[in-house]
Amino acid sequence: MAKEIVKELLPLIRVYKDGSVERLLSSENVAASPEDPQTGVSSKDIVIADNPYVSARIFLPKSHHTNNKLPIFLYFHGGAFCVESAFSFFVHRYLNILASEANIIAISVDFRLLPHHPIPAAYQDGWTTLQWIASHANNTNNTNPEPWLLNHADFTKVYVGGETSGANIAHNLLLRAGNESLPGDLKILGGLLCCPFFWGSKPIGSEAVEGHEQSLAMKVWNFACPDAPGGIDNPWINPCVPGAPSLATLACSKLLVTITGKDEFRDRDILYHHTVKKSGWQGELQLFDAGDEEHAFQLFKPETHLAKAMIKRLASFLV
């Protein structure tokens, strides 16, 4: 007998009356590796916090044997807040490649997903992880130490970023860190927002006027945060809406926003870049057009010429 569907967000997720969830677009989870055969990067799974439970996968490049301290990249995967994980194949492969290319320690957060954990749960898990990283910087009040950070991390070079919805999480963390200090007054050096998921009630640029209300982006946000004040114009999803907190408070010294030619968020992300520029923010602002591709293409097709070029560009930022 077929199970009764109570909610679905196609092509992403289906929720059944018995409480079970079918995540339609997630790639399979893969195990961490003591040494990835292609890149030499080591990875392991760690627990960040117990209540609420937050876990992550941490990646350490082969170069850690040189004893040089390495930048930290706190990464949030995409997937519309409801699919994929820190342990899924595409994310794992991508961070092996990026950690090797950029010579960084990457921490991929397995933040809580929809439908059981609406926004701001993912934002809070990101903040919890940032606080946990900061607790290592001066090793005070750290009840859950991670040796790879203590032994190999350069805490003057902390980056926060991600893909699409993950980049949305990163943006909101950068804003929060501009208003709340982290343990030991840790500073974030850079933000890396790849095709960030931003939207709004009024179509802009190439966004279709007809059907805007029924766009997948609109449906995702209504699913992710149904009670958000202002709906799709809540500053969490529309940071450029009149009355939103000033982007001048973004807590990083440099910011890279990437766009692609076939991404539905392209015009929103260009607007975001312009809004940061006009806000009075004092950091170094960069915009990179990765070419005529869909968003997150470098995760799905890392072997292509454009993906390799993009990964090199991201690596050059993470220094």
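Trainee: Which residues have the most contacts inside the largest nonpolar core?
Mentor: Keep in mind that we're looking at a predicted model. In general, nonpolar side chains in soluble globular proteins tend to be buried together. Here the largest nonpolar core has 72 residues. Those with the most contacts inside this core are Trp221 and Leu255.

Trainee: Which residues are among the members of the other core?
Mentor: That core lies apart from the largest one. It has 28 residues, and among them are Tyr94, Ile104, Leu192 and Leu256.

Trainee: What does Trp221 touch, leaving out residues up to four places away in sequence?
Mentor: Start with where Trp221 sits: it's one of the buried residues of helix α5 (residues 216-224). What covers the buried residues of α5 includes β1, β2 and α2. With residues up to four places away left out, Trp221 touches Phe81, Ile119, Tyr123, Phe197, Pro226, Ala228, Gly231, Ile232, Trp236 and Ile237.

Trainee: Phe81 turned up there. Is Phe81 buried or exposed?
Mentor: First, its place: Phe81 lies in the loop between β6 (70-76) and α1 (89-102). Its phi is positive, about 65°, although Phe81 is not a glycine. The relative accessibility is 2%, and the cut-off for buried is under 20%, so Phe81 counts as buried.

Trainee: And Asn103, is that one buried, partly exposed or exposed?
Mentor: Asn103 is also not a glycine, and it has a positive phi of about 60°. You'll find Asn103 in the loop between α1 and β7. Its relative accessible area is 30%, which falls between the 20% and 50% cut-offs, so Asn103 is partly exposed.

Trainee: Which residues do ring pairs link into a cluster?
Mentor: A search of the whole structure gives twelve aromatic pairs. Some of these rings join up into a cluster. Its residues are Phe81, Phe197, Trp199, Trp221 and Phe265.

Trainee: What kind of pair do Phe73 and Tyr75 make?
Mentor: You describe a pair of aromatic rings by the distance of the centres and the angle of the planes. For Phe73 and Tyr75, the centres are 5.8 Å apart and the planes are at 65°. Planes over 60 degrees apart count as edge-to-face, so that's what this pair is: edge-to-face.

Trainee: How many residues apart are Tyr159 and Phe317?
Mentor: Their rings are also edge-to-face, with centres 5.7 Å apart and planes at 65°. The pair links distant parts of the chain, since Tyr159 is in strand β8 (residues 153-163) and Phe317 is in helix α8 (residues 305-317). Both residues are buried. Along the chain, they are 158 residues apart.

Trainee: Which charged end sits over the ring of Phe317?
Mentor: Look for a charged end 4.6 Å from the centre of the Phe317 ring. That one belongs to Lys254.

Trainee: Which are the edge strands of the open sheet?
Mentor: The sheet has eight strands in the order β4-β5-β7-β6-β8-β9-β10-β11, with mixed pairing. From one strand to the next, the twist averages 20°. An edge strand pairs on one side only, and that picks out β4 (42-50) and β11 (284-289).

Trainee: What is the bridge partner of Leu192 in β10?
Mentor: Strand β9 (residues 190-194) and strand β10 (residues 254-259) pair in the parallel sense, over five bridges. Helix α6 (residues 266-279) lies across β9, β10 and β11, at about 160° to β10. As for Leu192, its bridge partner in β10 is Leu256.

Trainee: How many residues lie between β4 and β5 in their hairpin?
Mentor: The two strands pair in the antiparallel sense over eight bridges. One bridge partner in β5 is Ile58, which goes with Lys44. Pro52 lies in the loop between the strands, and a cis peptide bond joins Asn51 and Pro52. The number of residues between β4 and β5 is two.

Trainee: Last one: is Thr128 buried or exposed?
Mentor: Thr128 is in helix α2. It touches Ile48 and Ala49, not counting residues up to four places away in sequence. Its relative accessibility is 18%, and buried means under 20%, so Thr128 counts as buried.

Key
Residues numbered from 1 in each chain as written. Predicted model: local features only at pLDDT ≥ 70, side-chain atom pairs only at ≥ 80, totals over all residues. Heavy atoms only, no water. Core = buried A, V, L, I, M, F, W, Y, C linked by side-chain atoms within 4.5 Å. Buried < 20%, exposed > 50% of the residue type's maximum accessible area, 1.4 Å probe, protein only. Contact = heavy atoms within 4.5 Å. Phe/Tyr/Trp six-rings, centres within 6.5 Å; stacked < 30°, edge-to-face > 60°. Helix = DSSP H or I, 4+ residues; strand = E, 2+ residues; numbered from the N terminus. Lys NZ or Arg CZ within 6 Å of the ring centre and 35° of its normal. Pairing = 2+ DSSP bridges. Axes fitted to C-alpha atoms, helices over the stretch in contact; angles between N-to-C directions.
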